[in-house]
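Visitor: I should like to understand how this protein chain is held together. Would you guide me through the model?

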Amino acid sequence: DTTAALPDPKDKPRVVETYRQAIALANDRKWPQAIRLLQQLLHDDPAMTPVWRELAGFAIRIDRQDVALEAYKHLIELKPGEPAGYLGAATAQLKLRKFDDARISAMQAAEMAADTDKRSAALAHDLLARIALGRHDLVAARAEAALALEADATLHTPAYIDGRALFDQGKYEEALPLFQQAEDHFYTAEALVRLYRYDEAEWEYTEELRHEPESVRARAGLATLYHTTGQPDAAEQAVTDMVQATPTADSYALAAKLLTSFGEARQAN
């Protein structure tokens, strides 16, 4: 129970009430407002480990990787013996394309979890595989993917890595079954779009959004698909949904770029 690690309501009622307000806002998907409240709490008391965890989680939902990374760094300071902080930091650093930093964080997590926490070890090797892929080192990516699978047979890292390698070479037909095996709806949709299988791609984007409603890339992909298939109203609605679900500067910038490419200069402005 997260609230159990917060101050007793009798001692610091304002802190507990502010925390509850932040959770209520998050439940309503008002992520930026929830983040601001948690940041206020942590400014006054930076030792509240559960609040840092919540802050990181909320930030990730709207792709605020900078905020998430800072939160994970604080978690590492407070809980240096737990791999979770290092895994979170590596994930944020990977999305920020800080590959060297991400690799260091993921390796620390892998070493820490090696003998005692197979799941965390598997996730660390999965991250190391994706980091290597980002650095265009397919040999290292495949080696790490094999280690991830060895630690946790439920992971589909090898299929994802091989699928991405084929996708990046333009071999979409060959990549497609690997993405399906990896249960990666976004890249399955991306491959289907390039194979002109738009109805199937639409379903995959929608499925991705069912799991991750704040996914900017999935909503952008869906908007582009609708524009390509001559559905301008649906395309514009998908862009509107994107900025409503994830109201960040990057999301608005992408919305403007999409609308400009759709020939909707007024809405883009």
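**A guided reading of the model**

Guide: In the largest nonpolar core, which has 41 residues, Ile-35, Leu-38, Leu-55 and Phe-58 touch the most other members. Helix H1 (13-27), helix H2 (31-44), H3, helix H4 (65-78), helix H5 (83-95), H6 and H7 each supply at least two residues of this core. Please bear in mind that this is a predicted model.

Visitor: Which residues does Ile-35 touch, not counting residues up to four places away in sequence?

Guide: In soluble globular proteins, nonpolar side chains tend to be buried together. Ile-35 is one of the residues that touch the most other members of the largest nonpolar core. Once residues up to four places away in sequence are set aside, Ile-35 touches Leu-55, Phe-58, Ala-59, Ile-62 and Val-67.

Visitor: How many residues does the other core hold?

Guide: This other core lies apart from the largest one. Among its members are Ile-161, Ala-220, Ala-238 and Met-242. The number of residues in this core is 40.

Visitor: Is H5 mostly covered or mostly uncovered, and how many of its residues are buried?

Guide: A residue counts as buried when its relative accessible area is under 20%. The buried residues of H5 include Tyr-86, Leu-87 and Leu-94, and also Gln-93. H5 is mostly covered, and of its 13 residues the number buried is ten.

Visitor: Against which helices do the buried residues of H5 pack?

Guide: Pro-83, Gly-85 and Gly-88 are among the buried residues of H5. The helices against which the buried residues of H5 pack are H4, H6 and H7.

Visitor: What distance does H5 reach from its first C-alpha to its last?

Guide: H5 has 13 residues, and at 1.5 Å a residue the expected span is 18 Å. The reach in the model is close to that expectation, at 19 Å.

Visitor: Which residue takes a positive phi just after H5?

Guide: The position in question comes just after the end of H5. Its phi is positive, at about 65 degrees, and the residue is Arg-97.

Visitor: Let us turn to charged side chains. How many salt bridges does a search of the whole structure find?

Guide: Side chains of opposite charge can pair when their charged atoms come close. A search of the whole structure for such salt bridges gives a total of 14.

Visitor: Where do Glu-214 and Arg-61 lie, and how many residues apart are they?

Guide: The side chains of Glu-214 and Arg-61 meet in a salt bridge, at 3.1 Å from N to O. The pair links distant parts of the chain: Glu-214 is in the loop between helix H12 (198-211) and helix H13 (216-228), while Arg-61 is in helix H3 (residues 49-61), and their separation in residues is 153.

Visitor: Does Glu-214 count as buried or exposed?

Guide: Residues under 20% relative accessible area are classed as buried. Glu-214 has 6% relative accessibility, whereas its partner Arg-61, at 33%, counts as partly exposed. Glu-214 is therefore classed as buried.

Visitor: Which residues are linked with Arg-29 in a network of salt bridges?

Guide: The salt bridge of Glu-214 and Arg-61 has already been described. Linked with Arg-29 in a network of salt bridges are Arg-61 and Glu-214.

Visitor: What is the distance between the closest N and O atoms of Arg-142 and Asp-162?

Guide: Arg-142 is partly exposed, at 43% relative accessibility, and Asp-162 is also partly exposed, at 25%. They form a salt bridge in which the closest N and O atoms have a separation of 2.7 Å.

Visitor: How are the rings of Phe-186 and Tyr-187 arranged, and why?

Guide: The structure holds ten aromatic pairs. The rings of Phe-186 and Tyr-187 have their centres 5.2 Å apart and their planes at 80 degrees. An angle over 60 degrees meets the cut-off, so the pair is edge-to-face.

Visitor: Which residue has its charged end over the ring of Phe-186?

Guide: Both Phe-186 and Tyr-187 are buried, and Phe-186 belongs to a cluster of linked ring pairs that includes Tyr-160 and Phe-179. The charged end over the ring of Phe-186 sits 4.0 Å from its centre and belongs to Arg-217.

Visitor: Which residue lies over the face of Tyr-160?

Guide: Tyr-160 is one of the residues in the ring cluster. At 4.1 Å from its ring centre lies Arg-130.

Key. Residues are numbered from 1 along each chain as its sequence is written. This is a predicted model: local features need pLDDT of at least 70, side-chain atom pairs count only at pLDDT 80 or more; totals for chains, interfaces and linings use all residues. Side-chain values use heavy atoms; hydrogens and water are left out. A salt bridge is a side-chain nitrogen of Lys or Arg within 4 Å of a carboxyl oxygen of Asp or Glu. Helices (H or I, at least four residues) and strands (E, at least two) are DSSP runs, numbered from the N terminus. Buried means under 20% relative accessible area, exposed over 50%, partly exposed in between (1.4 Å probe, protein chains only). A nonpolar core is a set of buried Ala, Val, Leu, Ile, Met, Phe, Trp, Tyr and Cys residues joined through side-chain atoms within 4.5 Å. Contact means heavy atoms within 4.5 Å. Rings of Phe, Tyr and Trp (its six-membered ring) pair if their centres lie within 6.5 Å; planes under 30 degrees apart count as stacked, over 60 as edge-to-face and the rest as tilted. A charge sits over a ring if NZ of Lys or CZ of Arg is within 6 Å of the ring centre and within 35 degrees of the ring normal. The expected span of a helix is 1.5 Å times one less than its number of residues.
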